[in-house]
Amino acid sequence: MMNTATDKKEEFSVLEERKDSILYKYEGGCSGTGIRCDSDSVSGAVSQRACVYCGARVVLNPITDAFHIVHGPIGCASYTWDIRGSLSSGEEIYRNSFSTDLREKDVIFGGERKLEAGIEEIALKYHPRLLFVYATCIVGVIGDDVDAVCKSMSKKYDMQVIPVKSPGFSGNKATGYKMACNAIMQLLLPYKNREKRNGINILGDFNLAGEMWIIKNYMKEIGIDVVATFTGDSSYENMIKAPAARLNIVQCAGSSTYLANRMQEEMDIPYIKVSFFGIEDTTNSLLRIAGAMKDEKALQKAEEFCNRKARELEGFLETYKKGLEGKRAAVYVGGGFKAISLIRQFKSLGMKTVLVGTQTGKPEDYEVIESIAEKDTVILDDANPAELEKFMIEKKPDILVGGVKERPLAYKLGIAFCDHNHERKHPLAGFEGVINFTKEISDGILNPVWKYVRQ
Ligand code: SF4
């Protein structure tokens with residue numbers, strides 16, 4: 001059964017308010033109450049979640065020909081400057097960061113003039129078609145009318161200037177995802193009645209290290225047309241075609257399910273959630289996409305393609321499994337779907353996941369995690385470094401899979417680390433990703449350095 005941390009008080013020194021966000025899996029199933037998740041972080045708990053603005057920025061940033069003005073102090077802009085390893089097959093302008101650099105005087109007298117001047121400078125110099133304006137914390141406090149400025153500048157320069165109201169204090173990273181999805185919808189709604197065509201949109205893939213291209217190649221292989229992508233390697237022209245698609249597939253559920261829901265309600269495009277991490281989930285996803293498109297030919301092609309790819313990987317995986325069998329993994333990632341795929345991927349390598357957590361997992365994600373997690377696994381939502389440290393010392397994983405914030409913690413504890421977040425430079429999705437992931441896990445865990453570090 002599954003007990004909350006409260007049941008093991010003497011063993012945990014976590015904050016009282018955090019105890020319902022940590023579960024211990026025991027033999028025989030789960031408790032009826034489930035984990036506390038999808039809620040605001042506990043004040044003072046040092047959540048690893050980013051702020052609302054950062055959540056919005058990371059979703060919109062990969063649009064290759066969009067301009068982003070951060071209306072706020074320069075720190076907000078530098079915090080998110082080019083932070084994703086999203087690749088582009090066209091424009092590179094998205095890798096720049098523009099800011100109104102608000103100072104004390106602007107906070108007292110208002111920053112609208114500065115924002116107008118900033119938009120004007122970009123309009124005259126670059127003639128963009130699409131510009132996002134992010135209102136960060138201080139703008140939420142002083143109350144600049146960002147909507148009005150965006151509206152008048154849109155009209156004056158005949159371009160889309162879209163406000164993204166994302167003061168960091170107005171929620172958590174998931175609120176920022178929602179703000180980004182609303183901004184995308186503002187862009188799409190004028191085109192909502194486009195005639196439908198036989199194709200899909202890919203949502204929640206940010207083309208990290210070229211992963212969107214891998215998925216697009218798979219679609220080509222099975223004969224399914226991709227209409228638009230959100231937001232990896234996308235552009236203004238590409239995105240406004242999206243309302244014509246028959247199906248949305250959602251890869252990063254945490255950031256893009258809200259967009260998929262709105263597109264379903266307002267454009268009549270159904271969606272399915274998919275994952276391309278690991279052989280099992282990649283295969284299931286391709287079959288489900290072909291099935292959802294009611295395309296028999298694509299289904300047959302997907303079956304053949306996946307079987308061939310799995311056969312090609314058999315020998316490779318057997319070789320690596322020899323060194324990895326029985327090793328232990330800890331997983332702390334952004335969304336629930338990725339965590340679920342990683343548990344399965346480690347299982348296929350003969351490894352056991354002993355700790356698993358997410359920043360923005362939903363109750364339905366945790367239900368799956370609880371059902372597939374092995375006995376004695378610690379499951380935690382919105383963890384802080386102290387909790388991660390405590391449970392890693394207790395569970396003794398050989399590797400931690402996480403994001404950049406978790407890397408120093410793993411190394412300080414003498415544990416190997418695998419970056420599965422947006423800064424990595426090699427793809428981990430699809431069948432190609434299985435090779436990279438397995439090699440990275442193996443190189444990390446079997447590195448001789450650990451025997452000196454852990455002495
Ligand atoms: S929006 Fe607020 S919390 Fe986010 S980076 Fe700017 S000042 Fe910090």
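Which residues surround the ligand? In this predicted model, the ligand is surrounded by Cys51, Tyr53, Cys54, Gly72, Cys76, Tyr79, Thr136, Cys137, Pro167 and Gly168. Two elements, α1 (52–60) and α2 (74–79), each give two or more residues to this shell. By class, the shell around the ligand holds 7 nonpolar and 3 polar residues, and no charged residues.

The overall form of the chain was examined next. The chain contains 18 helices and 15 strands. Its C-alpha trace spans about 65 × 55 × 45 Å along the principal axes. For 455 residues, a compact globule would be expected to have a radius of gyration near 23 Å, and the chain agrees with this expectation because its own value is 23 Å. Of the 455 residues in the chain, 50% are buried. Among contacts with a separation of 6 or more, 72% are between residues 24 or more positions apart.

The domain assignment divides the chain into domain 1 (1–36 + 325–424), domain 2 (52–186) and domain 3 (199–301). The C-alpha centres of domain 1 and domain 3 are 28 Å apart. To the contact between these two domains, domain 1 gives 13 residues and domain 3 gives 13 residues. On the side of domain 1 that touches domain 3, there are 2 nonpolar, 8 polar and 3 charged residues.

Helix α17 comprises 16 residues, at positions 430–445. At 1.5 Å a residue, this helix should span 22 Å; its end C-alpha atoms are 22 Å apart, and the two values therefore agree. The buried residues of α17 are Gly430, Phe431, Gly433, Val434, Phe437, Thr438, Glu440, Ile441, Ser442 and Ile445. They pack against four helices and two strands, namely α8 (211–222), α11 (279–292), α12 (296–324), α13 (336–348), β14 (399–402) and β15 (416–419).

One residue of helix α11 was considered individually, namely Ile289. Ile289 counts as buried because it has 24 C-beta neighbours inside 10 Å, where the cut-off for burial is 20 or more. When neighbours within four places in sequence are left aside, Ile289 is in contact with Ile200, Ile224, Ile249 and Val274. Glu389, by comparison, is 100 residues from Ile289 in sequence, and the C-alpha atoms of these two residues are 39 Å apart in space.

Terms used. Residues numbered from 1 in each chain as written. Predicted model: local features only at pLDDT ≥ 70, side-chain atom pairs only at ≥ 80, totals over all residues. Near = placed C-beta within 6 Å. Nonpolar A, V, L, I, M, F, W, Y, C, P; charged D, E, K, R; others polar. Rg over C-alpha atoms; globule rule 2.2 N^0.38 Å. Buried ≥ 20, exposed ≤ 12 C-beta atoms within 10 Å, placed from the backbone. Contact = placed C-beta atoms within 7 Å. Expected span 1.5 Å × (residues − 1). Domains from an automatic or database assignment.
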